[in-house]
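The following note is offered for a colleague who wishes to read the structure alongside the sequence. The points are numbered for ease of reference.

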Amino acid sequence: MKIHRINPCKRWSDVTIFNGIASFVEVAESDTSAGMKGQVQQIFDQAELQLESIDSDKSRILSVTVYVTDFANFDELNEVWDSWFPEGCAPSRACVKVELADPDLLVEMSFTAAAGEKYQ
């Protein structure tokens, strides 16, 4: 089976797809000075673009691993999370406390989603 790599470079691909299952990672790219809510919203906006590029959408997200730097921001994360996913479409989720490479980043998310038909 073919592995699809969207925008590959030396260190990563924006999205990697195998057997119809896509994986990608997002961090806040436009404003790292934003608080937790702002960074989570940026991640979700970016994720929607990635999903669109593979003929998918947020209702087809299977799981998300959330890396947070401080669980004191957990309620803000959940507020944006709860409003972003359609009712009945929440994926499985794990949250892990970590130190991220950029100290301005508060959160990083790793997504697994079902891609569209052309990637099956």
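1. Rings of Phe, Tyr and Trp, the last taken by its six-membered ring, form a pair if their centres lie within 6.5 Å. In this predicted model, ring pairs link Phe-44, Trp-81, Trp-84 and Phe-85 into a cluster. Within that cluster, Trp-81 and Phe-85 are both buried. Phe-44 belongs to the buried residues of helix H1.

2. The structure holds seven aromatic pairs. In one of them, Phe-24 and Phe-111, the ring centres are 4.9 Å apart and the planes lie at 10 degrees, so the pair is stacked. This pair joins distant parts of the chain, since Phe-24 lies in strand S3 and Phe-111 in strand S6, 87 residues apart. Both partners are shielded: Phe-24 is buried, with a relative accessible area of 2%, and Phe-111 is buried at 0%. The rings of Trp-81 and Phe-85 have centres 4.7 Å apart and planes at 50 degrees, so that pair is tilted.

3. Helix H1 covers residues 36–53. Does its length agree or disagree with the expected span? At 1.5 Å a residue, its 18 residues should span 26 Å, and the end C-alpha atoms are 26 Å apart, which agrees. After H1 comes Asp-55, whose phi is positive, near 55 degrees.

4. The buried residues of H1 are Met-36, Gln-39, Val-40, Gln-42, Ile-43, Phe-44, Gln-46, Ala-47, Gln-50 and Leu-51. In an α-helix there are 3.6 residues a turn, so residues three or four places apart point the same way. The cover over the buried residues of H1 includes strands S2 (15–18), S3, S4 and S6 (107–114), together with helix H2 (74–84).

5. Glu-48 is also found in H1. With a relative accessible area of 35%, Glu-48 is partly exposed, because buried means under 20% and exposed over 50%. Not counting residues up to four places away in sequence, Glu-48 touches Lys-58 and Trp-84. The C-alpha atoms of Glu-48 and Lys-58 are separated by 6.8 Å, the two residues being ten apart along the chain.

6. Val-64 lies in strand S4 (residues 61–68). Its relative accessibility is 1%, so Val-64 counts as buried. Which residues surround Val-64, leaving aside its neighbours within four places in sequence? Val-64 is in contact with Trp-81, Pro-91, Ser-92, Arg-93, Ala-94, Met-109, Ser-110 and Phe-111. Of these partners, Ser-92 is 28 residues away along the chain, and its C-alpha atom is 6.5 Å from that of Val-64.

7. About 320 Å³ of space lies in the largest pocket. Its lining consists of Trp-12, Ser-13, Asp-14, Val-25, Glu-26, Val-27, Glu-29, Gln-50, Ala-101, Asp-102, Leu-105 and Glu-108. By class, five of the lining residues are nonpolar, two polar and five charged. Strand S3 (residues 21–27) gives the largest share of this lining, three residues.

8. Among the lining residues of the largest pocket is Ser-13, which sits in the loop between strand S1 (3–6) and S2. Is Ser-13 buried or exposed? Ser-13 is buried, because its relative accessible area of 18% is under the 20% limit. Apart from residues up to four places away in sequence, Ser-13 touches Arg-5, Ile-6, Asn-7 and Pro-8. Gln-50, another residue of the pocket lining, is one of the buried residues of H1.

How values were computed: Residues numbered from 1 in each chain as written. Predicted model: local features only at pLDDT ≥ 70, side-chain atom pairs only at ≥ 80, totals over all residues. Heavy atoms only, no water. 1 Å grid on protein atoms, 1.4 Å probe; cavity = no way out; pocket = protein on both sides within 12 Å on 5 of 7 lines; lining within 4 Å. Points joined across faces, edges and corners; volume = space filled by probe spheres on them. Helix = DSSP H or I, 4+ residues; strand = E, 2+ residues; numbered from the N terminus. Nonpolar A, V, L, I, M, F, W, Y, C, P; charged D, E, K, R; others polar. Buried < 20%, exposed > 50% of the residue type's maximum accessible area, 1.4 Å probe, protein only. Contact = heavy atoms within 4.5 Å. Expected span 1.5 Å × (residues − 1). Phe/Tyr/Trp six-rings, centres within 6.5 Å; stacked < 30°, edge-to-face > 60°.
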